[in-house]
Amino acid sequence: MNGILEVERLSFPIGKQWDRGDFQQALRDLFLVSGEKEVSGFLIACCRENERRAVILRIAVRPEVRGRGIATMLIEEAIEIIREMDIREVELEVDIVKRGAVQLYETVGFKIARGIPMIDNNTMDDENGSYYLMKLIVNES
Ligand SMILES: CC(C)(COP(=O)(O)OP(=O)(O)OC[C@H]1O[C@@H](n2cnc3c(N)ncnc32)[C@H](O)[C@@H]1OP(=O)(O)O)[C@@H](O)C(=O)NCCC(=O)NCCS
């Protein structure tokens, strides 16, 4: 768990970081970890089989090993597991400022379903917390 918390701390700003309790709760979700001696990345997805829907809640990769396809591998692995659960659709939310992350999700097949502006001023401004809802159909029927 300490390795996960370290990658979390290195990947998200203070105030947006998950704590040990958040990760402990996520243990009942799909929780993938990559790395051998140390944790290089992780992905957490909540699978609602009755709704045939899954949500990727969190993904992060240790800064020194980014750009080597670790996140892509974690997402592809998660999609395979989710597909076997007969879930129809995977979705996630991503801040519109995180262009690298948006590109990563597009590379594995996600499409922007909607842009959600911050309620305050109803603009899709970069820094105001606006985000995209992205979706991927994993089982057509
Ligand atoms: C987003 C994140 C998980 C990507 O991890 P990664 O292992 O470096 O990703 P990959 O190596 O699999 O990248 C795959 C593709 O995503 C895109 N990409 C990823 N990060 C990028 C960046 N910073 N800038 C531009 N494109 C990026 C590229 O298209 C890349 O393909 P390429 O290497 O062929 O150019 C990682 O940067 C991270 O942990 N960021 C902080 C936490 C975060 O923002 N999580 C996402 C919350 S929605």
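Let's start with one pair of residues: Leu43 stands opposite Ile59 in strand E3. This is a predicted model, in which local features need pLDDT of at least 70 and side-chain atom pairs count only at pLDDT 80 or more, while totals for chains, interfaces and linings use all residues. Residues are numbered from 1 along each chain as its sequence is written.

Leu43 belongs to strand E2 (41-48), and E2 runs antiparallel to E3, joined by eight bridges. A word on names: helices (H or I, at least four residues) and strands (E, at least two) are DSSP runs, numbered from the N terminus. Two strands pair if DSSP finds at least two bridges between them.

Now step back to the sheet. Six strands form an open sheet in the order E1-E2-E3-E4-E6-E5, with mixed pairing. Strand E1 (30-34) and E5 are at the edges with a single partner strand each, so one side of each has no neighbour in the sheet. On average, neighbouring strands are turned by 25° against each other, direction ignored. (Axes are lines fitted to C-alpha atoms, for helices over the stretch in contact, and angles run from 0 to 180 degrees between N-to-C directions.)

Follow the sheet to E5. E5 and E6 pair in the antiparallel sense over five bridges, and Lys111 has Lys135 in E6 as its bridge partner. Strand E5 (residues 111-116) lies largely in the open, because zero of its six residues are buried. Here, buried means that 20 or more other C-beta atoms, placed from the backbone, lie within 10 Å of the residue's own; exposed means 12 or fewer, and partly exposed is in between.

What about the inside? The largest nonpolar core has 30 residues, and Leu43, Ala78 and Ile82 have the most contacts inside it. Such a core is a set of buried Ala, Val, Leu, Ile, Met, Phe, Trp, Tyr and Cys residues joined through C-beta atoms within 7 Å. Helix H3 gives the most to this core, with seven residues. Not counting residues up to four places away in sequence, Ala78 touches Leu30, Leu32, Leu43, Ala45 and Ile56; contact means C-beta atoms, placed from the backbone, within 7 Å.

Finally, which residues are closest to the ligand? Of the 19 that surround the ligand, the closest are Arg66, Ala71, Thr72, Gly100 and Leu104, where near means a C-beta atom, placed from the backbone, within 6 Å. Strand E3 (53-61), helix H3 (70-84) and helix H4 (99-107) each give two or more residues to this shell, and H4 gives the most, with five residues.

Note on methods
Contact = placed C-beta atoms within 7 Å.
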